Every structure is written in structure tokens, then in C-alpha cells.
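Q: Hey, could you walk me through a structure I've just opened?
A: Sure, put it up.

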2 protein chains.
Amino acid sequence: MNTNYLKSTNILMAQLNPISGDVEYNKNKAIETIKKAKEKNVNLVVFPELFLIGYPIGDILTRYPYIAEKAKKALDEIKMYCDNIAILIGYPEINENKFLKPYYNSMALIENKKIIKSIRKSLLPTYCEHNDYRYFEPWVEEFENRIFTLNNIKFGVAICEDAWNDFDFFEKNLYKIDPVEKIAKKIDVLLCPSASCTRAKKEQLKHNMMRHCAKKYAIKYIYVNQAGANDELVYDGLSRMYNEQGELVAMAKSFDEDLAVINLFNGGEINPLPKGLELTLNSQKEFSLDHEPDLERTYKAIITAIRDYFYKNGFKQAVLGLSGGLDSTVCAVLLADALGAKNVFGISLPSKLTSPESKNDAKELADNLKINFLEIPIKDMCDLIKDKFGGMFDEISKNWCSRYTNSYTNDNIQARSRAMILWGIANEYGALPIATSDKSELYMGYATINGDMSGGYAPISDVVKTKLFALARWMNKNREIKNAIPVSIINKPPGAELAIDPNTGKPLLAEDALMPYEFLDEVIWRIENLNQSKDNMLMQEFQYEKKNKINKETKQKWLDKFFKRLNTALYKWYIVPPGPVIDARSINKIEYKQPIISNIDYSN
Amino acid sequence: MNTNYLKSTNILMAQLNPISGDVEYNKNKAIETIKKAKEKNVNLVVFPELFLIGYPIGDILTRYPYIAEKAKKALDEIKMYCDNIAILIGYPEINENKFLKPYYNSMALIENKKIIKSIRKSLLPTYCEHNDYRYFEPWVEEFENRIFTLNNIKFGVAICEDAWNDFDFFEKNLYKIDPVEKIAKKIDVLLCPSASCTRAKKEQLKHNMMRHCAKKYAIKYIYVNQAGANDELVYDGLSRMYNEQGELVAMAKSFDEDLAVINLFNGGEINPLPKGLELTLNSQKEFSLDHEPDLERTYKAIITAIRDYFYKNGFKQAVLGLSGGLDSTVCAVLLADALGAKNVFGISLPSKLTSPESKNDAKELADNLKINFLEIPIKDMCDLIKDKFGGMFDEISKNWCSRYTNSYTNDNIQARSRAMILWGIANEYGALPIATSDKSELYMGYATINGDMSGGYAPISDVVKTKLFALARWMNKNREIKNAIPVSIINKPPGAELAIDPNTGKPLLAEDALMPYEFLDEVIWRIENLNQSKDNMLMQEFQYEKKNKINKETKQKWLDKFFKRLNTALYKWYIVPPGPVIDARSINKIEYKQPIISNIDYSN
């Protein structure tokens, strides 16, 4: 190929942030982008997969099929802007065949104000957060159709998952066909329009796979990803180009929108990965408490998730309870950074069990963050309710004999009184209340229904406790205002301050009620990453065991408690508010489903 | 074929109620069944699809893959009971191939204590409540493998969806292959082990399809379905046999377990369909307010759902607020019938807006049902909280200027105080609180978070309001104790009694806050059954319009209000508790997903 063609060919990686289902908004964004691209002498604009309806799409195409018609009309409008420029844009293509699924997941190639052709996705991911086969028919013929010529350069198109089935690279393949293999020898450049959400350890896989492919076929590899967040999924952007040697020669921003122009000969700007993420470029076979390499990504992903969930839903203010504990503290910092301190209202809601230290910590945090702050003691509410309950329970026990001797009723009165106040503020000021449950505690069902686990959004529901501690330290070090989080918050052992431990006379600590978080988080990691049963775990040494002497009985006891609590936590997973998917695997509803009645025996 | 073989062949339709994920429980049930079958001179026992892990399975095979190993071991145990008898039993078969999905959805054929072969499902439903393709690889070769011979009779097997793709019967097909067509001419009897949940209008389709198939190929058609409920899905049983003329010659019970023995020559007992259901045996192109033909099915389905959700989760008692309104009333009756009156606690929770009539109605209902009853006025709680909020809001407004002039804060204080009390009772007595939200109001987001929409189970979340009225009347007529529901409850217009209507000085009525339920329910019906847009609806005449004069502006106003409220209701759908799928289409989470941020324009 004559390198002159490469030198004269500029591509715009349209790394954009669409709103799922809002065709009008996405169409206007596309038109704006095309206009800008023309000013920059761009030859081809590549948009993300399904851009006109955004990812994820849920079941909207099934229930509101006219959305696909709207997307088709939008294409007709967009094409009129495509003079002297070509674009490749994702949309749901209606399948006219009487048989099969009603849509294809397609990229329209538009040139000279004409829709030249549609290129259809072949490999339809249907696992975890992906549900492509619910809506789309796979296209498994005429692979030549994926190729087009522009400026004498041959381009091939692989839509997201289409590029994830290399038979050499993967040990286990999900599909029989590799669409890239079918066309790679006939093309100069592979274009991969995608909607690939951020997850722990995914960057490593993505990077290795893409450079492998570029080298293997000696082609240029251009990956264009979605940016921003829709509900639970966050897209990290990081669109990029690899050259024929598998070297990274351009990389767009992380998480934010970026109209990154690259030249096929020279590449383009190389923006950095979130710091430390290159350290995760080795596959991890063991649980690690060193969360550091994933913290900037985690921070940015949650900030993006909060910002987009609020703004896209028309909210700008958040309200949350500040207990002086780790979970609400981390949430407050993230909210302040995502929404601006003035849009966050932190309410300290002390009960009679709340220690003066916790109250001070909450106040100090709010001052440091410069968020709005108020202290509303809940003693009066709790006293009245407890009193009321006393008489009521006496009445009920006349008819119902099965009263628990050791219930959580009083603990929950406190948590629910707090939520009552937060939702009151939410209703009165149009703010979103925040659910502060973390992943470790959700696994254990250690959260109060209509209490701390209620809210409009749950920012840290996919972050385990040990990682939250690391994130708190990281934020103290890396935010513009250093050490906003009082060290006493990070150093004290977590506890809900809802009940007194009869053994110590002090508020019950979470690790006493549950088990050490270092152990707990490794159980979660082994379930999600290794699919291990209880028996497997019993036989293998935990990181915690390397540092602390525990006997077999203790380990057995903790594991028994874990899996028993897990079975009763499923209902809470069903009703927990949406929060961003962060980890390699999650229990967020968009990804994971388990019947509540399932009485699984986790031994094998 | 010699009819002697038919005369001597008895088949047991093992219409059983498994627990999703509980292999041990399901295995024991299978062994019990085989033992009983042997006593009854049965030649072949047919179990439902995937019986050893139960339906629905969620993502348990993905996260806990050792469950498939357990099922395999269970088969090895079960086969030892299969001397002098053959069985066909559903299980997840591990796919050893490096490529493709990790499992097949298979039926094991066991005879003489040996697993003879596995027959694999070809058509994998992946829409609505179905997610087969998330886990299973379709089997699309060697269709002969589906055939086996017993007593000189040739049996063919089609697993659930395998039998739902007849090219003559359906106008639109979802798959290119019809597995039944591939084998029908080589067999005498088609066996269809299934896990097919009950839905409005499905019986009609099922019946017509099955008899069509039996007649078309002149074969016997035996359908064996799951019974009982797991979380949101209810299985109506009604296993059956059609003869070569397409006549129904045996039918097992509806909803309950039934070990129904049929003789291939003589058929078997024909149990009745839920009354009136045969009247739905015509396809319905228009919305109808005549819910009568679907009421017995609806009643039985919800009773089954409640019973199994409670028992399988280890609960036996329910607690609910009795407002004297329709929703809580219908829930109370259903709970009493499902769990026994003594296990239900109805609490009247009057605020100062609650009318004496409502209080009396609640009391009278509880008396009639003989459920436990208590009246707990909430005025003290509401007053204290309102008072507390007053001071708090004054403080907050010093910093935050955006206070709403017309918020729902006070309405919600009442709803949340009630929920606080119900959850307190739940915690203290190990009872499940009930969310009483109905489908019409969920569509409108007319429900309070942490208030009436919170609970452990939501029995009527897939029943629209006009149908609830009909169901209340039906229960008054058809339950053993007649007229348990005071007519005043059925006759009064619904209203939450949370706020005063400034126009009338009386509590605000729901139809004034929303729109007439007859209109509202037809909008829902048109969305779910016809996928209509707002524009379509504007152009077509509603049933409501045939009886009531409304002008175009009013209709436009109602539709605008509907779709505006719908967009803001999505968050509530995300956190509403599980409830049984009843309608032809639903918004229950197991079926329908829509991004909360989706800002859909419902016009076209």
C-alpha cells in the first residue's frame, strides 16, 4: 500500500457518551460530531456500537419497537451531513425476515450522503451484563460485506464481541467462528466500534488481545469505545489505535468524551491509562489486598457513574447520612467530587449509641469537603417508635406466640429513622438520597431494608470493604485537597453503632458480627473469580491465614456463616438500588441473577 | 402399530414442584416419584425440563458450576432406582467442548439402571422471562437422537421451546429449524417435558398449538409441565395428552403437583382448566374490561406464588397494613387463602386523614377473614416527624434554596411510618411484610419508596386495577366464605388517603391524581400487547371513549401524563419486591428491563 494514502487519511474516534434510549439526543450529538470532524479534515468518523440508542438498551426495542424506526429516520437525517466525509455509526437494524430475531446490531456505512451498506454483528454476547441475543439475530454469512475501501485503503469492521474470539489468544472460545480471521488477510485496518464497560482486570485482557491481533495479521487496529455511564454500566472510553507491530500509537481519554483525531500514518495523541492500571497487566491468580493499581480507575468510574446517573435523570443534588464510618465517608467524598461540594448535603444522625468521636468525625469530614452539613439527633424518633413498638408487641404477642428473643428490631428502628429523614429531605428538595451499602456487607445481608440500603443510587455497592479502606487512603493522597478524610475514620474498625456487644459493653463491631473483612473479601473474590465451592475454599490457604493463625474450626465457622448469610442476602440484592459495576464480577442486577428461594448447597 | 403395546404402556406425567437450585431436594423428590411409579405399573416416568435444578435457574450455573456436578451425581443415584422402569429427567449437561456455551439443557433417558442417552434442547428461548442462551448451547444436529423405543413404541422428545416453532401454526417464527418436524414422521408419541409458566392468554395458544401438532402428524402428544412457583414465575401444571385426532384425552391438575398416570391407549383423568379459561381460547385483539374468564387462574396463580415463596423461604406468617382500600384488601384475602388466616396479621394504621369508614372496613374485613387484627394509629409518629422536619427544613433552607412549594413529603411520612411499623413486626416475629402496590399504580410510580411499595413480596404487582376490582367481586362469590370483602370497599373510588384535594376538601382520589383506571389500564394493555406508541393510541378509540365523552385535549393530557409518569416510575420498578408474573406481559424484573436514565420519547 502506498503510504501516501495513510498519510492523507484521518480518522475521528468519536468516543461519545450517549443516553440509552434517547435517539433524539444521540442523533444531535452525532450531527455535531460530524460537523466538527469536517472542520478537522477527517475522512472517516467511527462511532461506538449501537450509538443511536446507546448501551445498555435493556428491553426497549422489544417493548417500544418504534424506537428502531426512530433510529432509522435519524440515519436519514444524519446522512445529509455526510458530504466529503464517511461515517460508520451503530444502530439497531430492523430484520424484515419473517423468521428469527427482529433486529441486527449493525453499523451503517455512510458516504456521499448515502447509506452504502449495513455491517452486522456476528458474535452476540449473552452473559453477565450482556444480553445481545435477546434482541439481535447473529449475522454469520458473507463476511466480505464487512470490508470497504476508502482512500484506497481497505477497512474491515468487527463490532465489539466480533473481535473477542481469536482462537490463538483465548484458551476457551465462546463461538465457533472468528469474524476477524475471515477478513484479516484482505484488509489494512480493522475498525472495532464497541460499547465495552469498565471492569477490574479487563484493560489487561483488552490490551493484550488487541495488540495480539494487530501483530498476528500485521494490520492497524482501531478500537472506538463509548464513554460515560448509563445506570450501572460505566464506559471507560480509552479508544485507541495499534500499528502493525502491535504498538499503541494513539489513545483517547479515559471515561470522558473525546473526539480524538488520528492519522493512519502518524497515529495520534496518547492519553494515559488511569494511573497504576498498567500494573494490572498480568493475570491475577490469587486474591490480593494490594488494591492500589486499581484505585484511580475505581475512583474515576464511580465519579463518572454518579455524575451521569444524576444529570441524565435530571438531578443535581445528593443527600446522605454521615455516620463517621467508612462507607458514608467514601460516598461523601465521591459525591462531592462528582457533583460539586455545594450540591451535597451530609446529615449526621446520631442516636444514643453514636459515639462523640463518630459525630466529630462526620463534622470534620463535612468541613474538609466543604459540603453542606447538619446534625439531626434521632433519639426522639427512636424513643417514640421503640415505645410505641413495646405496647404493640405486647398486644400482638397475645395472639402470636413466636416473638424472637433476640431480634434486630431496635437496631433497625435507628437505621430506618435515618432513612426516613433522608428521604424527607429528598422529597422536599428534589435531591437523591444515597445508599451507602458496600459489596462485602451486601454479600452478608448486613444492611437494613428501608434503612441504610435504601436510596436513589448506591455508589459503592460493587466495592469490597478492604478496597474501600485503600480507596479512602488513596483519595486522601491524590485529591487536590489532601487528607479530607480524618485519619480516625480510616483507622477505626467498622461498626454500624446500632447495637451493644454484650461481651464488651461497647457498640458491636462489624468484624465480630461477621468475620474479618480480609477473610470475607477473599471468599467473595474466590466465588466471583474462581467459582470455588465451600469445600475448595476449606482446602486452600487464604491470604488471611498466612498472616494470622486460625484453626480449621474457625475457618469452617466463618465459611458456614458466610454461605448461610449469603442465602438470606439474596432478597436484599433484589431490591438494592442501582450502583456502578466496578469489579471483575459483580452482584449488580444488570449482571447477576439468582432466585431468592434457591436453597443452594455451596459444598460440592 | 399393534394396539396391544399401547394398551400395556403406562406413562407417569411427573408434574412436580422443584426448588430452583436445590439439587438435593429435587433429587429426593425424583426418587420418591420413581418408587411410587413402580407401584403403579408405570413403564415410563416423564419429569419436567431441567427438573434437577428447577426453573427458573437465574445465573447459578455460571457462578456455582459445581451445581451441574451435583446434578450429574444425582443422576447416578437416581438411575439405581430405575429397574423395570424408564425415566426421562431434565438436568444441565456439562459441555466438554472447548468451544461454545458450557452446558446443554438436556433430558437423560434412563433404563435398566443405565443412562442410555442425553437428549438436548435445540431451541433456546431468550426473551421475556427466558434466558436459556445465557447458559446453554443449542443442539442442532442428529435429530434422530431424540427418538427412542420402549414397548415397541417409538417416542420422540421435544424439550419445551423445541415444540414451539411449527411453521404452519405460527405467523412469525423465531428459529429456522422445527425439531418436531424433523422427527414427527418417525414416531408414535411426542413427549414434551417443559417448564412453562402461566400467563394470561397462554393456555389458548398452548392448547391450539399442541392439538394442531398432534393432528398434523397423527401422533400422540404428551406435555409434562412443572407445578408450583419459584419467586416470580408460577407454573400451572396442566400436563396433558392429546390423541392422534388432536383430542384432549388426559389433563393433570392445575398449579399443584400431580403424579398423573396415563395409558397410551385409554388416556387418563381429565382435570378441569381453571374455570372460564376456555373462554379465553380466542385470540384477543382488543382491550376488554371483562376480566372474568381469567379470574380463577389469576387467583390460583397468586395463591400458589405466595404459598411457595413463603414456604420455600422458610416463612409462614405475613403482616400487612389494612387501609380499607382495594389493594390491601385483595392482598389480605389472597394471603389468608394461601397461608391460613391464623398466619396473617392485618394492621390498621390510621392517620388523621383516614376516614372512619376506612377504619371500619378494615376491621370488618379482618373479622370476616378471621385473620389477626390490630389498630395502631400513627398520628403520634407522623406529628413528631412532621414537627421535626419543620425545624430541619428551616435549617436546610438557609443553605439550600430549592425547596419545593408543593412536595409529597407529608404524604410520604404517613406511608413510611406505616412501613416502619410493619417491618418492625416483621423483624420481631419473623413474618414477611407485604407490598400492596398494583400494576396500574406501579406504571404511574404512584407508590411510596420505603412505604407501601416496600415489603418481602408483592402479590398483586402484575394485576391492573380494573382486574383487581373484578377479582374482589369474584372472590366474594367463589370463596367458601362468601362476601368476606365488605361491598363498601369494592364500591368506593380508590384513593391513598395521604393528602387532601384542595378542590374538594376531601382526601385526594387516585383517579383525580392520575386518570380513570379504565383508561389507564387500556394504555398499559396497548403497550404490552400491541407495542403501540403514544401517537398510535391518540388515533385509536379506547373502550373508555365508547362509554364516556372525552375530548381530544383530555385524551392527549392523560396520555402525556401517563408517559411522563412512566419515565419517572422506572426507578421504582427497579426496587419493587418480587411478585408473581400474571399478565401476558409484565414489568416484573424477571421479564422486563429498561435503563432508568432512558429518556424515551414514546411518540413516533
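Q: How much area is buried between chain A and chain B?
A: About 10900 Å², and carbon and sulfur atoms give 59% of that. Buried area is the accessible area (1.4 Å probe) that two parts lose on being put together, summed over both. This is a predicted model, where local features need pLDDT of at least 70, side-chain atom pairs count only at pLDDT 80 or more, and totals for chains, interfaces and linings use all residues. Residues are numbered from 1 along each chain as its sequence is written, chains are lettered from A in the order in which they are written, and side-chain values use heavy atoms, leaving out hydrogens and water.

Q: Which residues of chain A lose the most area to chain B?
A: A:Arg63, A:Trp400 and A:Tyr429, together 9% of what that side buries.

Q: And how many salt bridges between the chains?
A: Ten, counting a side-chain nitrogen of Lys or Arg within 4 Å of a carboxyl oxygen of Asp or Glu. One of them joins the side chains of A:Glu528 and B:Arg63, at 3.8 Å from N to O.

Q: New topic: helix H16 of chain A. Why does its length look right?
A: Its 14 residues (517–530) should span 20 Å at 1.5 Å a residue, and the end C-alpha atoms are 19 Å apart, so the two agree. The expected span is 1.5 Å times one less than the number of residues. Helices here are DSSP runs (H or I, at least four residues), numbered from the N terminus.

Q: How many of its residues are buried?
A: Eleven of the 14, where buried means under 20% relative accessible area (1.4 Å probe, protein chains only). Among them are A:Trp525 and A:Glu528.

Q: What follows H16(A)?
A: A:Asn531, with a positive phi near 55 degrees.

Notes. Helices (H or I, at least four residues) and strands (E, at least two) are DSSP runs, numbered from the N terminus. Buried means under 20% relative accessible area, exposed over 50%, partly exposed in between (1.4 Å probe, protein chains only).
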